[in-house]
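I opened my notebook for a friendly first look at this structure. Here is what I looked up, entry by entry.

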Protein chains: 2
Amino acid sequence: MIPTKQEVEEACERVKPYVHNTPVLKSSYLNELSCAEIFFKCENFQKMGAFKMRGATNAILQLSEAQKKAGVVTHSSGNFAQALSLAAKNLGVKAYIVMPENAPQVKKEAVKGYGGIITESESTPIARETEAERIQKETGATFIHPSNDRNVILGNATSAAELLQSYPDLDYVFAPVGGGGLIAGTSLSVKYFGNNCKTIGGEPFEVDDAFRSLKTGKIEFNETTNTIADGLKTFLGDVNFPIIQELVSEIIRVEETEIISAMKLIWERMKIIIEPSCAVPFAALLREKERFKNKKVGIILSGGNVDLKNLPF
Amino acid sequence: MIPTKQEVEEACERVKPYVHNTPVLKSSYLNELSCAEIFFKCENFQKMGAFKMRGATNAILQLSEAQKKAGVVTHSSGNFAQALSLAAKNLGVKAYIVMPENAPQVKKEAVKGYGGIITESESTPIARETEAERIQKETGATFIHPSNDRNVILGNATSAAELLQSYPDLDYVFAPVGGGGLIAGTSLSVKYFGNNCKTIGGEPFEVDDAFRSLKTGKIEFNETTNTIADGLKTFLGDVNFPIIQELVSEIIRVEETEIISAMKLIWERMKIIIEPSCAVPFAALLREKERFKNKKVGIILSGGNVDLKNLPF
């Protein structure tokens, strides 16, 4: 059930020509502040600005030639819509993207810019799924889920794999928890390439479905989604949840104010742009910093796609 | 008169243990947009967030032990105040900083944070100089000018030296022109380590004193300073002007709207934070992009200290 070490290694080789081996940055100021030694894996510098480029690329590369010819389809209003569009374009494949009609114009244009073919739907999950199914039937395109897909998870694993290749003696790797695709992939690489290393998830209190799912042993949902971390509003799926249950040590929850302050610290001190979701694992580390004192901690900075007109500070 | 190659090489060795060899970033999107191949030398990732750390460090390291004991003094409300404070702190030297009483509180606190000893003065140039002279007399501290000092210029030269060490076949290196210390240092390294490479300055139309100085052959001033590039409001000095006259090929002027749009492009596409002054040379390249088609262009990204509460977009 759980993907093997060989599968992760093959994914690394497969996506290598199509994604950046993103830099790892350090900050002596943030080390001092957190009392830990932090290694920031900068997926905000990834192509299209987020780690999702890795999963999308790996998933498309696993299709048969006939499948590639028919194209791929997904529903997303966020980074995965852009990632699938760009990954498909790079591989000469058509990408059909179902976006809610009320999605911001800037996001629609980003998808178009990467060559994605947009179909608008009502914004309910059912309407989006129905529309994606219709496109599948009409075009023969393969549906690729943004986070609950084995090949997407394997592609996402390549970020932590690169990080641990450069820094094999990390004690912890932190990643944000949204739909579960990144944390599941991260935990695979930590298991296979780490040395007594543990995977920790960061999640907003406002959308703590994954935290609760680990407690109850079944996939939980969020009744409200009042968080600034707009990439983390989704819930886990049946493909990634078993991996998370087995391999993620813990999920630490953080307050909205902690997310904003962690984001501001990274902007001001590291001079790099990260999106709010991306600040969540660093906020989690700061919240519980006594426990990680003098440890070597990797943090996956998941993405940098923010609306500069709408900053929280 | 013009510093020698050996002096620049010695400065590189001297500052090496105290400054970051900052990364060089590339962006395929910005290459496509500009039709050139751009190598961004990221001094926004330098200690305290700007190239000025290099000049300040080199200047202090050139002092005698007796001079170090008495400390250093400068007048600045910008990055050099922070740079001299931090460089002095790293070397166990006292730094007296004269700041205008109306300087933003956030800048005063940054200087204090780096251990600088602040004296407030009225905001006129004469009041600041008088105050700095008084401190010199009372403490025996050595005055270090932010841009018109041979050792500061030599320290600043180390950024372009590193850039050309990694990419020796650049056709051009662009840098912003403010007080002249960075462009003078850059032009020295381009002369000594470049291969048929030229130095180009970027300057806002609103404060085009250096552009006019090169035309008239004498140091010109600005009657008004209505530019967003707040690091470029100052004028050249008798130490850097002769270097600039001899070694800078050209200064390209840009409009305020071009600066803001170049800054936004770098933030959005490269996910890094740069200050407005820092966007000026990239704006200059874009303005004249036909002339630099298919060329290899280095750009010194001078710094990343911005007030996040006061962004132009």
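**Rings and a sheet**

I began with two rings: F174(A) is buried, and F292(A) is buried as well. I keep in mind that this is a predicted model.

I then checked how these two rings meet. Their centres lie 5.2 Å apart with the planes at 75°, so F174(A) and F292(A) make an edge-to-face pair. The pair joins distant parts of the chain, 118 residues apart: F174(A) sits in strand 7 of chain A, and F292(A) in the loop between helix 13 (276–287) and strand 10 (296–301) of chain A.

Next I looked up the total, and found 13 aromatic pairs over all chains. One of them is F39(A) with Y167(A), a tilted pair at 4.5 Å centre to centre and 40° between the planes. Here F39(A) is buried at 2% relative accessible area, whereas Y167(A) is partly exposed at 22%.

I also noted an aromatic cluster formed by W267(A), F313(A), W267(B) and F313(B).

Then I turned to charges over rings. R253(A) lies over the face of F211(A), 3.6 Å from the ring centre, and R269(B) lies over the face of Y29(B), at 3.7 Å.

Last came a sheet in chain B. This open sheet has four strands in the order 5-4-3-6, with parallel pairing. Its edge strands are strand 5 (117–121) and strand 6 (142–143) of chain B. Strand 3 (residues 72–75) pairs with strand 6 over two bridges, and V72(B) has T142(B) as its bridge partner. Helix 5 (residues 79–90) of chain B packs on the sheet, touching strand 3 and strand 4 (95–100).

Definitions and conventions: Residues are numbered from 1 along each chain as its sequence is written. Chains are lettered from A and ligands numbered from 1 in the order in which they are written. This is a predicted model: local features need pLDDT of at least 70, side-chain atom pairs count only at pLDDT 80 or more; totals for chains, interfaces and linings use all residues. Side-chain values use heavy atoms; hydrogens and water are left out. Two strands pair if DSSP finds at least two bridges between them. Contact means heavy atoms within 4.5 Å. Axes are lines fitted to C-alpha atoms, for helices over the stretch in contact, and angles run from 0 to 180 degrees between N-to-C directions. Rings of Phe, Tyr and Trp (its six-membered ring) pair if their centres lie within 6.5 Å; planes under 30 degrees apart count as stacked, over 60 as edge-to-face and the rest as tilted. Buried means under 20% relative accessible area, exposed over 50%, partly exposed in between (1.4 Å probe, protein chains only). A charge sits over a ring if NZ of Lys or CZ of Arg is within 6 Å of the ring centre and within 35 degrees of the ring normal.
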